[in-house]
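Visitor: Could you pick one spot in this model and take me through it closely? Start with the packing, then show me what ties the surroundings together.

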Amino acid sequence: MTAAISSVYSIASVITELADLSNDHSVASVKRLGKEYMIRISETLDGKLSAVFDGLFRDPLLLDWLPLSSGHRGALIRLLTKISLDFAFYHEIGHILAGHADKLGASSLALDELEFVKRKRPSLASKVTRQVWEYEADVVAAGHIAMDAARLIRELQADDVSANLREIFGPPQIAVEQVSSLTIIACYTLFRHLRETAIELDMESYHPDPLVRAFVVRDALYSALSSEFTINDELFEILLGARFEEFDHALEENDIRAGFTLDDRGIEHVNVEMSKLVQHAKSYRIQNPDMGYVSW
């Protein structure tokens with residue numbers, strides 16, 4: 001995968017490794033090493049995310065068309081875990097494609113998913129700049145997740161789709177909206193898990209609130225998929241709203257706390273924060289026209 005990305009974007013080779021990042025208090029990081037980029041993903045992230053989804057899927061109200069005794073729930077747990085893991089990887093790729101890793105130059109610093117509040121380390125950039133970097137990396141990641149979602153949608157719309165996939169995702173007429181909503185929810189669960197980790201370890205992240213990040217993914221995913229598929233907006237909003245409500249309840253029941261809430265006030269906060277991020281990103285790109293390999 002990394003070789004293909006390096007080739008498509010004509011960038012230096014990307015090395016990826018699973019590593020013990022517990023001492024760094026990080027789940028993923030990226031840095032430039034000479035002529036290569038190094039992405040490190042926590043070796044425990046897969047297991048932790050799988051455990052999170054397993055706990056959520058014990059709620060009988062979650063995706064209630066799949067009975068608790070159904071093996072299809074296990075299959076969907078594995079799929080959602082993979083989507084969230086892929087997003088974590090693509091997010092680090094986003095830091096490369098947007099030029100953030102190059103901005104650090106030959107320093108020994110890396111862009112980490114989480115950073116210790118009291119850690120004595122040089123500042124990588126201003127807080128606003130770091131927030132822009134994380135926003136841009138999320139947008140790039142959402143674009144790559146959209147390509148994965150499109151492949152699954154095309155499979156579900158084919159005549160020879162497996163009975164198992166049909167049981168999980170339903171008829172082909174709702175494949176686009178079903179896959180989209182579940183992809184967004186997988187990312188939202190990842191964001192909630194990371195935020196809870198930060199709270200437990202007294203750590204700080206430059207990432208926006210999990211709900212803001214989920215809406216960034218929603219907008220980017222919708223934009224990408226609508227160029228290939230016809231999206232029923234009403235059905236998309238109904239399914240996404242239902243998934244948010246179900247997973248929000250299950251996450252709270254599993255002591256994975258929310259930031260912004262899914263009510264009118266919370267949505268208003270999300271819209272304000274997204275507007276700020278977009279404006280900061282535009283200003284940053286005007287001031288740094290040499291940054292990045294891709295534009296969005």
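Guide: Let's start at L56: skipping its neighbours within four places in sequence, it's in contact (heavy atoms within 4.5 Å) with L62, T189, F247, A250, L251 and N254. Bear in mind that this is a predicted model, where local features need pLDDT of at least 70 and side-chain atom pairs pLDDT 80 or more, while totals for chains, interfaces and linings use all residues. Numbering runs from 1 along each chain as its sequence is written, and side-chain values use heavy atoms, without hydrogens or water.

L56 and F247 turn up again in the largest nonpolar core (buried Ala, Val, Leu, Ile, Met, Phe, Trp, Tyr and Cys joined through side-chain atoms within 4.5 Å; buried is under 20% relative accessible area, exposed over 50%, partly exposed in between, with a 1.4 Å probe and protein chains only). Together with F57, L80, F169 and F244, they touch the most other members of this 82-residue set. Helix α5 (a DSSP run of H or I, at least four residues, numbered from the N terminus), residues 127-157, gives the core its largest share, 14 residues.

As for ties, the whole structure has 15 salt bridges (Lys or Arg side-chain nitrogen within 4 Å of an Asp or Glu carboxyl oxygen). One links R154 to E228, with N and O 2.6 Å apart. R154 sits in α5 and E228 in the loop between α8 (210-226) and α9 (233-253), so this pair connects parts 74 residues apart in sequence. Both ends are partly exposed: E228 at 44% relative accessibility, R154 at 40%. Elsewhere, R192, D248 and E252 share a salt-bridge network.

Conventions. Helices (H or I, at least four residues) and strands (E, at least two) are DSSP runs, numbered from the N terminus.
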